[in-house]
Amino acid sequence: MPASKAQQKAVSKYMKENYDLYQIRMPKGRKSDIKAHADAKQESMNGFIMRAINETMERDNANQARPAATGSKEPVRETVPVQTADPNQGRGVRKYRKLTETAIRGIDLAKLASSIPYQLDIVDAYGQEALAMLMEKARQQGASASPGGT
């Protein structure tokens with residue numbers, strides 16, 4: 001079912017108020033390389049690009065030399081705490097909240113099925129995999145609520 005004009009307007013307003021848009025240019029063919037890499041890591045292109053930016057900024061900040069507190073002219077390397085969901089996946093992987101049964105009960109599945117901003121909030125809090133699972137649950141709930149159970 002296509003989104004209504006009102007819903008499209010609401011999503012547009014939400015995106016404008018909560019996200020910055022930045023266009024990047026790259027050589028022809030590079031986009032498909034990035035997309036293939038992101039797909040292999042089971043993340044969106046935007047998610048991959050944001051992870052790459054965050055990891056680079058963390059690494060740059062960790063490697064930035066600053067004067068020692070003792071007054072010595074020796075540089076000190078500052079360590080940055082890193083959140084990792086899987087230690088084998090490297091630094092800077094976003095760690096999401098755990099999707100518990102209590103959390104699931106607090107999520108409005110009907111709203112989730114129809115509201116893109118709500119879906120974005122769920123991804124921000126629990127991650128893409130959790131959203132996929134919850135969307136399936138919403139579809140099942142919607143199918144069982146329809147007349148005839150289909």
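In the predicted model, the second largest pocket is lined by M1, P2, A3, Q7, A113, S114, I116 and Q119. Helix 5 and helix 6 are the elements that each contribute two or more residues to this lining. The space within the second largest pocket amounts to about 180 Å³. Classified by residue type, its lining comprises 5 nonpolar and 3 polar residues, with no charged residues.

Helix 5 and helix 6 also take part in the largest nonpolar core, to which two or more residues each are given by helix 4 (101-105), helix 5 (109-114), helix 6 (116-126) and helix 7 (128-145). This core contains 15 residues, and those touching the most other members are I107, L109, L112, I122, Y126, L131 and L134. For I122, when neighbours within four places in sequence are set aside, the contacts are with I107, L112, G127, L131 and L134. Of these partners, I107, L112, L131 and L134 are likewise among the core residues that touch the most other members.

With regard to overall architecture, the protein chain contains 7 helices and 2 strands. Their order along the sequence is α-α-α-β-β-α-α-α-α. Of the 150 residues in the protein chain, 20% are buried. The exposed surface of the protein chain is about 12000 Å², of which 53% is supplied by carbon and sulfur atoms. Among contacts in the protein chain with a separation of 6 or more, 41% are accounted for by residues 24 or more positions apart.

Notes: Residues numbered from 1 in each chain as written. Predicted model: local features only at pLDDT ≥ 70, side-chain atom pairs only at ≥ 80, totals over all residues. Heavy atoms only, no water. Helix = DSSP H or I, 4+ residues; strand = E, 2+ residues; numbered from the N terminus. Buried < 20%, exposed > 50% of the residue type's maximum accessible area, 1.4 Å probe, protein only. Contact = heavy atoms within 4.5 Å. Areas by Shrake-Rupley, 256 points an atom, 1.4 Å probe, with all protein chains shown as cover. Core = buried A, V, L, I, M, F, W, Y, C linked by side-chain atoms within 4.5 Å. 1 Å grid on protein atoms, 1.4 Å probe; cavity = no way out; pocket = protein on both sides within 12 Å on 5 of 7 lines; lining within 4 Å. Points joined across faces, edges and corners; volume = space filled by probe spheres on them. Nonpolar A, V, L, I, M, F, W, Y, C, P; charged D, E, K, R; others polar.
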